[in-house]
Amino acid sequence: MCKACGGPHEHPAKDPAATAPRTKPTPRFSRNWRGPFRRTPGRLAGLGLIRLYQLTLSGFVGHGCRHIPTCSEYGYEAIARHGLWRGGWMALFRVARCGPGGTTGLDPVPERLAPRLGWWAPWRLWQVGKH
């Protein structure tokens, strides 16, 4: 006799795993910035080039970065936040600062750029992130 419905049959024991509430799968760790940004064609092209570098050449270059985040992670976030033109210049200057005699340590991408750092004067972006 079934206790649940009162019928003459027996229900099979329910699997506790089948009745457990479903949870969202944990997102995979990504080394790149995952914040919101406008997905313009220029930004997506720049981010694609950086990601291609990370998946192919980065393993051959070595893991001796002097900054946190690494130069490719910095470039990815700079382009995502500030666009291909200004973010690309920021990434280029960051790679130049990474050379011998350059800076070390924590060097995050600024959330906002000062108004004097206009698109017409990319050389001023050299000062962004200097210690």
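Buried means under 20% relative accessible area, exposed means over 50%, and partly exposed lies in between (1.4 Å probe, protein chains only). Keep that scale in mind for every stop below.

**Before you start**

This is a predicted model, in which local features need pLDDT of at least 70 and side-chain atom pairs count only at pLDDT 80 or more, while totals for chains, interfaces and linings use all residues. Residues are numbered from 1 along each chain as its sequence is written, and side-chain values use heavy atoms, with hydrogens and water left out.

**Stop 1: the whole chain**

Show the chain as a cartoon. It has four helices and two strands. Helices (H or I, at least four residues) and strands (E, at least two) are DSSP runs, numbered from the N terminus. Trace the chain along its sequence and the pattern reads α-α-α-β-α-β. Of the 131 residues, 31% are buried.

Now consider contacts, meaning heavy atoms within 4.5 Å. Take those between residues at least 6 apart in sequence: 66% of them join residues at least 24 apart.

**Stop 2: colour by confidence**

Colour by pLDDT, the predictor's confidence in each residue, from 0 to 100. The chain has a mean of 80, and 75% of its residues reach 70 or more. Select residues 16-19, helix α1: confidence is lowest here, at a mean of 53. Then select residues 41-55, helix α2, where confidence is highest, at 94. Where pLDDT is low, the predicted coordinates should not be read in detail.

**Stop 3: α2 against α4**

Keep α2 selected and add helix α4, residues 71-97. Two packed helices are described by the angle between their axes and the distance between the axes. Here the angle is about 175° and the axes are 9 Å apart. Axes are lines fitted to C-alpha atoms, for helices over the stretch in contact, and angles run from 0 to 180 degrees between N-to-C directions. The two helices are therefore roughly antiparallel. On this scale, angles under 35 degrees count as roughly parallel, over 145 as roughly antiparallel, 65 to 115 as roughly perpendicular and the rest as oblique.

Show the side chains at the contact. On α2, pick residues including Gly42, Gly46, Ile50 and Tyr53. On α4, pick residues including Ser72, Gly75, Tyr76, Ile79 and Gly83.

**Stop 4: Ile50**

Zoom in on Ile50 in helix α2. Which residues does Ile50 touch, leaving aside neighbours within four places in sequence? Ser72, Gly75, Tyr76 and Ile79 are in contact with Ile50. Ile50 is buried, at 14% relative accessible area. Try the distance tool from the C-alpha of Ile50 to that of Glu73: the two are separated by 8.4 Å and lie 23 residues apart along the chain.

**Stop 5: Glu77 and Arg81**

Move along α4 to Glu77. This residue forms a salt bridge with Arg81, with the closest N and O atoms 2.9 Å apart. A salt bridge is a side-chain nitrogen of Lys or Arg within 4 Å of a carboxyl oxygen of Asp or Glu. The two residues are four apart in the helix, so about one helical turn separates them. Glu77 counts as buried at 14% relative accessibility, whereas Arg81 is partly exposed at 24%. Beyond its neighbours up to four places away in sequence, Glu77 touches Trp33 and Val109.

**Stop 6: the Asp107 network**

The structure holds three salt bridges. For the others, select Arg94, Arg97 and Asp107, which are linked in a network.

Start with Asp107 and Arg94, whose side chains meet at 3.5 Å, N to O. Asp107 sits in the segment after β2 (105-106) and Arg94 in helix α4, 13 residues apart. Are these two residues buried or exposed? Both are buried.

Next, turn to Asp107 and Arg97. Their closest N and O atoms are 3.0 Å apart. Arg97 also lies in helix α4, so this pair ties together parts that are ten residues apart in sequence. Asp107 is buried at 1% relative accessibility, and Arg97 is buried at 4%.

**Stop 7: the cysteines**

Finish with Cys71 and Cys98. How many disulfides does the structure hold? Zero. A disulfide is a pair of cysteine sulfur atoms within 2.5 Å. The sulfur nearest to that of Cys71 belongs to Cys98, 3.9 Å away. Cys71 is buried at 17% relative accessible area, and Cys98 is buried at 19%.
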